[in-house]
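Let's take a walk through this fold together, starting from one residue and working outwards. Have the model open beside you as you read.

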Amino acid sequence: MEGMAAGGHAGTPPVRLWVRRVGVYCDEHRKTWLVAAEEEEGMLRARIQRVQVPLGEALRPSQLPPSRLPHMWQLSQAWWC
């Protein structure tokens, strides 16, 4: 996963992200993050950006379309350096 998109991060970076719906993840503090997947020369990258969006109802994994992105990420500080 690559660092966050333009706009930087607001506050402390997340430790975990759980998918809420396609392209929208929620962290342990119920803050929302938009995720955009990019593939270049066979390498998949995910760019995340903290954006406030209404949480709404979370979709079950079985309700989500197939995706190469995980349903849950656990991040380390190395990603934010």
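Before we start, one term: a contact means heavy atoms within 4.5 Å. Leaving aside its neighbours within four places in sequence, Asp27 is in contact with Pro14, Arg16, Leu17, Trp18 and Trp33. A quick word on where all this comes from: this is a predicted model, so local features need pLDDT of at least 70 and side-chain atom pairs count only at pLDDT 80 or more, while totals for chains, interfaces and linings use all residues. Residues are numbered from 1 along each chain as its sequence is written, and side-chain values use heavy atoms, with hydrogens and water left out.

Stay with Asp27 for a moment. It is found in strand S2, residues 24-27; strands (E, at least two residues) and helices (H or I, at least four) are DSSP runs, numbered from the N terminus. Which side chain of opposite charge is nearest to Asp27? That would be Arg50, but at 5.7 Å away, and Asp27 is buried yet has no salt bridge. Here a salt bridge is a side-chain nitrogen of Lys or Arg within 4 Å of a carboxyl oxygen of Asp or Glu. For charge, Lys and Arg count as positive and Asp and Glu as negative, with His and the chain ends not counted. Buried means under 20% relative accessible area, exposed means over 50%, and partly exposed is in between (1.4 Å probe, protein chains only).

So what does the Asp27 side chain reach? One target is the backbone nitrogen of His29, at 2.8 Å. Another is the side chain of Trp33, with a polar contact at 3.0 Å. A polar contact is a pair of N or O atoms within 3.5 Å; within protein, one must be able to donate a hydrogen and the other to accept it, and residues adjacent in sequence count only if both atoms are side-chain atoms.

Trp33 is a handy signpost to the rest of the sheet. In S3, Trp33 is the bridge partner of Tyr25, and three bridges join S2 to S3, which run antiparallel. The C-alpha atoms of Trp33 and Gln49 are separated by 5.4 Å, though the two are 16 residues apart along the chain. Gln49 sits in strand S4, residues 43-50, and is partly exposed, with a relative accessible area of 27%.

Now zoom out. The protein has zero helices and five strands. They form an open sheet in the order S4-S3-S2-S1-S5, with antiparallel pairing; two strands pair if DSSP finds at least two bridges between them. S4 and S5 stand at the edges with a single partner strand each, so one side of each is left without a neighbour in the sheet.

What about the charged side chains? The count comes to two salt bridges. One joins Glu38 and Arg47 (3.1 Å, N to O); Glu38 is partly exposed at 35% relative accessible area. The other pairs Arg68 with Glu39, the closest N and O atoms being 2.7 Å apart. Arg68 lies in the loop between S4 and strand S5 (72-74) and Glu39 in strand S3 (residues 32-40), so this pair ties together parts that are 29 residues apart in sequence. Arg68 itself is exposed, at 54%.

Finally, the whole chain: of the 81 residues, 23% count as buried.
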